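Me: I would like a close look at one buried spot in this protein. Please start there and then work outwards.

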Amino acid sequence: MAKEVMETKRVEEYERDEEEEEDEEQMEEWDDWQSEEEEEESSSRCLCLFCSSRFGSAEILFDHCRSEHSFDFHHVVRELGLDFYGSFKLINYVRSQVAENKCWCCGLTFQCSRDLQNHLHPASNFQKDGKFFWEDDLYLKPYVVDDPLLHSFAGDEDEEEDPPAVDEEMMRELMSSEELPELCNDGQSMINGDSPMSDVFKETGNTEASLNSMDKISQGMMTNGMILKPFDQKQKDKQLRVSLANVVARVIKNVNEKYFGSYGSFGIHREMLSDKVRTDAYRGALLNNPSLINGATVLDVGCGTGILSLFAAQGRASKVIAVEASSKMAAVATQIARDNGLLSEDSMKGEEQHSGAINVVQCMVEELDKYIYIPPNSVDVLVSEWMGYCLLYESMLSSVLYARDRWLKPDGAILPDTATLFAAGFGRGGTSIPFWENVYGFNMSCISKEVMEDASCVPIVDAIDIRDIMTESAVIHSFDLATMKIDEMDFTAIFELKLRTDPANDATSRTCPCYGIVLWFDTGFTNRFCKEMTTILSTSPYTPRTHWSQTILTFREPITMTSSDAFASSTAAVGTEESPAVRIRSRISIARSSEHRSIDISLEISGISSDDRKQSWPVQIFSL
């Protein structure tokens, strides 16, 4: 009997232990489920546009942005009349700017996100060149993978209103391709931890997902209460790769068409042809160097009216291939060559006329192989007038380098073969301040403050009087066009400016405010290729004026300079009247912009006193 009781107790204990183990397993499963639910809930909460805070709804987030970061989303949408797509792009634009520590409305760049948040202010301007900052279709791409804000910001709109029309063609393009190119800032730096905001975005749980693809679009995209379902419902549960390749190609094509179309106006060609400094420099190089041009095969990139090709043919080149992307100007160049008896048989297509050397091809030089066969490395001379404002604006240099690498002989000549950027500081007369102080006898100086603020963000292309240049000139950067790589178009340089030692200018004996930096360039037709006669084409303010003028970068505030050491004992801030700077140290970066054919210029300035004290100013960003 005792044995049976013992056995019964053992069985009861075994069953009790099993029940406890089952309870523990259930609790663990419950905890795991709860943890997963919390993670899902965390990832689905909307991330603030400016800081690491998260919110349960878009409305609470926008209230936070309005009160803490001076960004009133609903006010901007109402004031500008933005539709769903405009609002969608605005959110992605703001996120992209904050990721680079840039102010979304004024463009200033800061060292860290804290400095940016301290700077944020209500927007007074939303446009550049008549377009919203976020107008580019690139901002249709979500900057943050599976950003819940993009699916909820329109949820509070009036559902009874008619939903906006859907651009099905664009949506099909976005859904079609498997490849997503890297465009502008695709946010990859956040994933890699290169951005101050990277830790915030890692919290979304998508650290393994490249921002070159979207992990999924599970329910479609909501637009004012309407769900845009994926076109193939069978793919609803599959990972969809969203590509902007076709959209970007369309954007670039439109920019190119506008760019080349602008050269269809005869006014701009008259301006360039009337520029004697420009035209005589090329004419001299092509007509006064017979050992280079006589019997040569010449490639003219961006021929316009064909003036350089005409000079080359006049200099007895055996063959001149004139490439022009503008259909109108290609036709004009063909007619001009025909009228002057210089059109080749290939272009005349059997017309009875004396054969000349020039063959005009209408296309971009990158597509030249589609229209005419030129054996690789068979061109003797490559000539082009590619320079833009500040030398690099319009980004045509990349096309010239492409043609050089593909068709120029190893020992062939490129004209011009050097280019150099210069800088100098300018005084008050180089600004518009004196103009507004006396307008037909009236003081309108209240306008000059706003004008100066605008000038501190946007370069001014104008001719500056040499009397307004107050410092010595400095070389910023030099290019060897025969050897440089395309990537070398983007560069950073450091230089220093000191007051001019001009005996006739007594201003050097006292203090002078420097209001900014003026840039210009020289291009050289050197004796490397031009053996008989070298030429320099200069856009300097010290030489006759050209249609390029100079490019003026204005400081946010003037920096007082002196050539005297009488202020060495002063303890005031460097760059003021009490403690003027004896030199200005500048760090300038010029790079091709994400906006096709434009350039961005960043400028960092420090004033240094005679006792080596230094005062630095925040970086300035100029877009040209």
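Leaving aside its neighbours within four places in sequence, which residues is Ala424 in contact with?

Reply: A caution to begin with: this is a predicted model. Ala424 sits in strand E12, which covers residues 418–426. Ala424 is buried, with a relative accessible area of 0%. Neighbours within four places in sequence are set aside here. Ala424 then contacts Ile469, Thr471, Glu472, Ser473 and Leu497. Gly516, Ile517, Val518 and Trp520 are also in contact with Ala424. Arg500 is 76 residues from Ala424 in sequence. In space, the C-alpha atoms of Ala424 and Arg500 are 9.8 Å apart.

Next, helix H17. This helix spans residues 397–407, and 8 of its 11 residues are buried, so H17 is largely enclosed by the rest of the structure. The buried ones are Leu397, Ser398, Ser399, Val400, Leu401, Ala403, Arg404 and Trp407. The cover over these buried residues includes strand E7 (297–301), strand E10 (379–383) and strand E11 (408–415).

Trp386 touches two residues of that buried list. Leaving aside neighbours within four places, Leu397 and Val400 are among the contacts of Trp386. The other contacts of Trp386 are Tyr282, Leu391, Leu392, Met396, Pro416, Ala419 and Leu481. Trp386 also belongs to the largest nonpolar core, which has 95 residues. Leu299, Trp386 and Ile588 have the most contacts inside that core. Another core lies apart from it, with 37 residues. Val94, Trp104, Phe126 and Tyr139 are among its members. In soluble globular proteins, nonpolar side chains tend to be buried together.

Now the aromatic rings. The model has 24 aromatic pairs. One of them joins Phe73 and Phe153: the ring centres are 6.0 Å apart and the planes meet at 80°, so the pair is edge-to-face. Phe73 lies in helix H3 (residues 73–80), while Phe153 lies in the loop between helix H6 (148–152) and helix H7 (168–176). The pair therefore ties together parts that are 80 residues apart in sequence. Phe73 and Phe153 are both buried.

Phe153 has a second partner, Phe84. This pair is stacked, at 5.3 Å centre to centre with 10° between the planes. Phe84 belongs to helix H4 (residues 84–99) and Phe153 to the loop between H6 and H7, so the pair ties together parts 69 residues apart in sequence. Phe84 is buried too, like Phe153.

A charged residue is worth a stop here. Asp147 is found in the loop between strand E4 (131–132) and H6. Asp147 is buried, with a relative accessible area of 3%. Its side chain makes a polar contact of 2.8 Å with the side chain of Arg95. A polar atom of the Asp147 side chain also lies 3.1 Å from the backbone nitrogen of Leu149. Not counting residues up to four places away in sequence, Asp147 touches Ile91 and Arg95.

Last, the cysteines. A search of the whole structure finds 0 disulfides. Cys457 is in none: the nearest cysteine sulfur, that of Cys106, is 6.8 Å away. The cut-off for a disulfide is 2.5 Å between the sulfur atoms. Cys457 is partly exposed, with a relative accessible area of 30%. Cys530, by contrast, is buried, at 1%.

Key. Residues numbered from 1 in each chain as written. Predicted model: local features only at pLDDT ≥ 70, side-chain atom pairs only at ≥ 80, totals over all residues. Heavy atoms only, no water. Phe/Tyr/Trp six-rings, centres within 6.5 Å; stacked < 30°, edge-to-face > 60°. Helix = DSSP H or I, 4+ residues; strand = E, 2+ residues; numbered from the N terminus. Buried < 20%, exposed > 50% of the residue type's maximum accessible area, 1.4 Å probe, protein only. Polar contact = N/O pair within 3.5 Å; in protein donor to acceptor, adjacent residues only side chain to side chain. Contact = heavy atoms within 4.5 Å. Core = buried A, V, L, I, M, F, W, Y, C linked by side-chain atoms within 4.5 Å.
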